[in-house]
Amino acid sequence: MRRPVLAGNWKMHGTRAENARLVDALIEASDEARCDVVICPPLVYLWEIGRQLKDSPIGLGAQDVCAEAQGAFTGEVSAAMLKDVGCGYAIVGHSERRQLYREDDALVARKFVAVQGVALVPILCVGETLDERERGVTEEIVARQLDAVLAVAGIAAFARAVVAYEPVWAIGTGKNATPEQAQAVHAFIRARISARDAMIGDGLRLLYGGSVKAANAAELFDQPDVDGGLVGGASLKADEFVRICAAAA
Ligand code: PEP
């Protein structure tokens, strides 16, 4: 039985006051026994929110990380720095990073390794664009994104990672994948990992992301290979996110 994970990606939203209210509400509703909940606020708020989460079961994650360990990389933040301010997780390869900031598979793989290098858990995002889905190359794209990380990090690294399938056409669009579409790609990802190591494949937690909300969460999370969600917009509303967490648990 894989323990569900619910990660909230706040993207570039929030103020200190709004964050404090949201985090208070999440702590109030948190239920340690049933699933792992992680919130990923903007970098500048990590330290303060980390302190607010202290003694709560809610984990802290970053939305991105630098692949380098330290040095002259203006504007960047290393995995060790994220760990230093209390993070346990970091998202790598989010489609907005891949598309808007031209991050390629090789860079994402290096970020994945950097995150694991300081014993944080990477949440590796993979997923196809609408054009790729319509051309019938979803599996090819997802395989390429996974294989790039496997080639650099090795299969054993996936025992300490979470993978999020996020079809790009479903992110922030209000148009989620159907449970069947999500399950099909999740089963594909698990099979690809299992082909290298059955035990790691079986234990790997696979999250679905793309317009998850309270109204569609249960049917998505009911799928056998969907072990939780990576939630954007809906993670900014305490009630909605708490209901999504309940659906995962
Ligand atoms: C995301 O940011 O990863 C995401 C899935 O966003 P949304 O839930 O808003 O589609």
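Which residues are exposed on the other side of H11? In this predicted model, Asp239 and Arg243 are the exposed residues on that side of helix H11. The report starts from this helix and then turns to its surroundings.

## Helix H11

The buried residues of H11 are Ala238, Glu240, Phe241, Ile244, Cys245 and Ala248. Around the helix axis they cover an arc of only 165°, which puts them on the same side of H11. An α-helix has 3.6 residues a turn, so residues three or four places apart point the same way.

The buried residues of H11 pack against strand S1, helix H1 (16-29), strand S2 (36-40), helix H10 and strand S8. Asp239 and Arg243, by contrast, are exposed on the other side of the helix.

## Helix H10

Helix H10 spans residues 214-221, and its buried residues are Ala214, Asn216, Ala217, Leu220 and Phe221. These residues line one face of the helix, because they fall within an arc of 155° when H10 is seen down its axis.

The cover over the buried residues of H10 includes three strands, namely S1 (5-9), S7 (205-209) and S8 (228-231), together with the helices H8 (179-194) and H11 (238-248). H10 is likewise one of the elements against which the buried residues of H11 pack.

## The loop after H10

Gln223 is placed in the loop between H10 and S8. With a relative accessible area of 18%, Gln223 is buried; the cut-off for that class is under 20%. A polar atom of the Gln223 side chain lies 3.4 Å from the backbone oxygen of Glu219.

Leaving aside residues up to four places away in sequence, Gln223 touches Pro179 and Gln183. Gln223 is 78 residues from Gln145 in sequence, and their C-alpha atoms are 23 Å apart in space.

## Arg2 and its contacts

Arg2 belongs to the segment before S1. Its relative accessibility of 19% makes Arg2 count as buried. The side chain of Arg2 forms a polar contact of 2.9 Å with the side chain of Asp227, and it also reaches the backbone oxygen of Asp202 at 2.7 Å.

Not counting residues up to four places away in sequence, the residues touched by Arg2 are Arg190, Asp202, Gly203, Leu204, Arg205, Pro224, Asp225 and Asp227. Both of the polar partners, Asp202 and Asp227, thus appear in this list.

## Nonpolar cores

The largest nonpolar core comprises 63 residues, and Leu124 and Phe158 have the most contacts inside it. Beyond residues up to four places away in sequence, Leu124 touches Val92, Arg98, Val108, Phe112, Leu146, Val149, Phe158, Val162, Val163 and Ala164. Apart from the largest core lies another, of 12 residues, among them Tyr89, Ile91, Val162 and Leu207.

In soluble globular proteins, nonpolar side chains tend to be buried together.

## Thr138 in helix H7

Thr138 lies in helix H7, which covers residues 138-153. Thr138 is buried, with a relative accessible area of 9%. With residues up to four places away in sequence left out, Thr138 touches Glu128, Glu132, Arg133, Tyr165 and Val185.

## Ligand surroundings

There are 14 residues around the ligand, and those that come nearest are Lys11, His94, Glu166, Gly172 and Ser211. Oxygen atoms of the ligand lie 2.6 Å from a backbone N or O atom of Gly172, 2.8 Å from a polar backbone atom of Gly232 and 3.1 Å from an N or O atom in the side chain of Asn9. On its own the ligand has 290 Å² of accessible area, of which the protein covers 95%.

## Residues with positive phi

Most residues other than glycine have a negative phi, and most peptide bonds are trans. Asp55 has a positive phi of about 75° although it is not a glycine. Asp55 is located in the loop between helix H2 (46-53) and strand S3 (59-62), and its relative accessibility of 78% makes it count as exposed.

Arg102, also a residue other than glycine, has a positive phi near 55°. The loop between helix H4 (95-100) and helix H5 (105-117) contains Arg102. At 69% relative accessibility, Arg102 counts as exposed.

Definitions and conventions:
Residues numbered from 1 in each chain as written. Predicted model: local features only at pLDDT ≥ 70, side-chain atom pairs only at ≥ 80, totals over all residues. Heavy atoms only, no water. Buried < 20%, exposed > 50% of the residue type's maximum accessible area, 1.4 Å probe, protein only. Helix = DSSP H or I, 4+ residues; strand = E, 2+ residues; numbered from the N terminus. Arc of directions from axis to C-beta. Contact = heavy atoms within 4.5 Å. Near = heavy atom within 4 Å. Polar contact = N/O pair within 3.5 Å; in protein donor to acceptor, adjacent residues only side chain to side chain. Areas by Shrake-Rupley, 256 points an atom, 1.4 Å probe, with all protein chains shown as cover. Core = buried A, V, L, I, M, F, W, Y, C linked by side-chain atoms within 4.5 Å.
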